[in-house]
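Got a minute to walk through a structure together? Have a look at it before we start.

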Amino acid sequence: MTMRGSTLISRSSQYLLAIGFIALVTAILFSLREALDTTLVALLYLIPLGLITAYWGLGPGITSALVTFLTFNYFFIKPYYTFAVHRSTDIVILIIFLIVAIVISQLVGRMQSGLAAATAHEREATQLYELSTALAGLQDGLTIAKILAKQVQDVSQGETVELNITGTQSFAFRLPESNQLTRPPEWVVPIQVARGILGEIRLWRAAPALTSSEKRLLQTFANQGALALERARLAQAESRARVLEESDRLKSAILSSVSHELRTPLSTIKAAASSLRSNDVNWDSAARPELIAAIDDEADHLNMLVGNLLDMSRIESGVLKPKREWNILSEIVGSVLARMKHLAEEHRIEVDMPESLPLIPVDYVQMEQVFTNLVSNSVKYAPEKSMISMRAFVEGDSIHAVVSNQGPQVPQEHLERIFDKFFRITAADRVTGTGLGLSICKGIIEAHGGRLWAENIPDGLAFNFTLPLLWEGVSPQKLPMDTETE
Amino acid sequence: MNNAPHILVIDDELQIQRAIRTILTEKGFKVTTASRGEEGLTLAAMNEPDIIILDLGLPDMDGVEVCTRLREWTLCPIIILSVRDSERDKVAALDKGADDYLTKPFGIEELLARVRVALRHSTNRQGTQSKVIHAGLLMIDLAWHIVKCGDEEIKLTATEYKLLAYLAANHGRVLTHQNILTNVWDPADANHTEYLRVYMRQLRKKLEVNPERPQFLLTEPGVGYRFIADE
């Protein structure tokens, strides 16, 4: 049964009830006719009239007033049972009665409809309040749309509500989701903001047709939704702007670090090469091989810096994909140490990697990079002749490797931050490097599904990392056995 | 100087061309240069050089493609130049028949060492391959299947010997994982790098003084292995 139908019925029943009430009052007064004065009857009649108008509104009120006028005349004014009036006072009474009845009905009725309007307004205000509370603080367009659709559905009692959001994050949302209606919607409200239309709300409700106040309310809902969506969009734009600002800050940090770091070896190379070229340095001078060695070393250093920058940008952009193969950790460490021979000759290096260690699925070149950076970091900070030790052991289904040195400890609050790009504890001009080495290590280890952290040990600093032993959930294949000797 | 070995350098960077030409000419080689792949292929066909030095990053065509096209008709040793972090290209070119590689920037000593190895191999291809290879105290007799360290004979398993013999026969050259696995094991095992790692460790334990710092059985990171023999 639709709302419209039930209103109709209650409307006509109100009229009937009003007339019935009047009939009842008339019957009571009629039974007391001999005891009551005509004027008193008129006054008593005003009571049901007031009540009727108060309960059922202006229409039944006025109708009752007219009916009462007739019954009063018919039953209580002589001659009885006619509409004729003989006494002039009775005419006056009748006219006054009619005027008073209509005035009362009108007054009470107006008050009633004012009250009804106030209630309706209050309900609308409550609904709006609920909507804006529900939407407050939401940052996600889809959630906003869902809540908006739900509220529109609740308020309108529609069959189906659909929300279409257009633009960059376009999506459509329907309530209830399974309802697929083929006919066009009965009412479409645009969701509009200053810069244009964000989308629209479509409402299917065949009957009763939307009243103008419902339309107005839905339009207000749409406006609220538009504001919430716009706010979410702005918040997103702001966080994007923050990210951009952060990356901008990073870029300028890179630029300043890079220009400083690259210029140092370049200056050495330039100075050495130009003095070799000029005739200042004799062919047999002892300075000659030294200058040449400086050029060679600094070129290598420059190459390493550029390599670090490349690695970092690769990690940043997420294109660092390990090319995994089954490897032996000690073989990787061996080739790193062989290559760093001249770098590490000021320190004692101890390697403890038992042969029983299983093969690990890692990118050989990237793991070389990790060990190279960790060792060169240790070499840089730890005092000469001190010990740099490397060991590895199995821990559950990962391998745990430790590179430790007897260098200075790192304050507890910086243990995490030393893996940040360009983070240094010492002043940049005291130790060379891009400040990228450790963050590259972290990037590589994490790309392998492992974890890298630093900890202070009693006599220095230790870098720890873990690497998974399984590759896509499997261990290396058992080797075909081969024991016969030649 | 008609007998001077002829080297063709295919690289689009003029500075590199100039540096290589200066040094190799100084060392008594005859040097021709090309800046583009097509030009290089034409010069290679016209001059039949003894060694080709090929940069993988050419403007007109892929270096690996140049390598493949050269290998269609010549066995001339090819040394690849590449930048760091292009292991994939390096390995692809080596698998397509290139003999060796150098990563830019490289020292000139490295280049000369590679050139010497390549020249020896191009002579070997003409049929005078030595059957006994010496590396420090090691002696590998490929004809009699004997491996000695000093006077002491070293016992190897069949696979270990096969692996060592293959590396030694190609001493000085870089051999990719896939190449070694295909030739020592089976083409079907070409992806089982773990076999190679384990056997290489065993070989190093038996042959090297310090297995963690090998002198003869060298790892080429991300590419393969190389056996260094006495010149």
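What follows is a short chat about cores, contacts and a helix in this predicted model.

Visitor: Which helix of chain B gives the most to the largest nonpolar core?
Guide: That core has 60 residues, and I10(B), I52(B), I53(B), L54(B), I80(B) and L164(B) have the most contacts inside it. It takes at least three residues from each of domain 1 (6-127) and domain 2 (130-227) of chain B. The top contributor, with six residues, is helix α8 (residues 193-207).

Visitor: Which residues is L164(B) in contact with, leaving aside its neighbours within four places in sequence?
Guide: L164(B) is among the residues with the most contacts inside the largest core. With those sequence neighbours set aside, its partners are I140(B), V147(B), L156(B) and L203(B).

Visitor: Which element gives the most to the side of chain B that touches chain A?
Guide: Across this interface, 23 residues of chain B meet 27 residues of chain A. On the chain B side, there are seven nonpolar, seven polar and nine charged residues. The elements giving two or more residues to that side are α6 (158-169) and α8 of chain B. With six residues, the one that gives the most is α8(B).

Visitor: How many of the 18 residues of α9(A) are buried?
Guide: This helix covers residues 364-381 of chain A and reaches 26 Å from its first C-alpha to its last, close to the 26 Å expected. A residue counts as buried if 20 or more other C-beta atoms lie within 10 Å of its own. The helix is largely enclosed by the rest of the structure, because the number of its residues that are buried is 14.

Notes. Residues are numbered from 1 along each chain as its sequence is written. Chains are lettered from A and ligands numbered from 1 in the order in which they are written. This is a predicted model: local features need pLDDT of at least 70, side-chain atom pairs count only at pLDDT 80 or more; totals for chains, interfaces and linings use all residues. A nonpolar core is a set of buried Ala, Val, Leu, Ile, Met, Phe, Trp, Tyr and Cys residues joined through C-beta atoms within 7 Å. A residue is buried if 20 or more other C-beta atoms lie within 10 Å of its own, exposed if 12 or fewer, and partly exposed in between; C-beta atoms are placed from the backbone. Helices (H or I, at least four residues) and strands (E, at least two) are DSSP runs, numbered from the N terminus. Domain bounds come from an automatic or database domain assignment. Two residues are in contact if their C-beta atoms, placed from the backbone, lie within 7 Å. Ala, Val, Leu, Ile, Met, Phe, Trp, Tyr, Cys and Pro count as nonpolar, Asp, Glu, Lys and Arg as charged, and the others, Gly among them, as polar. The expected span of a helix is 1.5 Å times one less than its number of residues.
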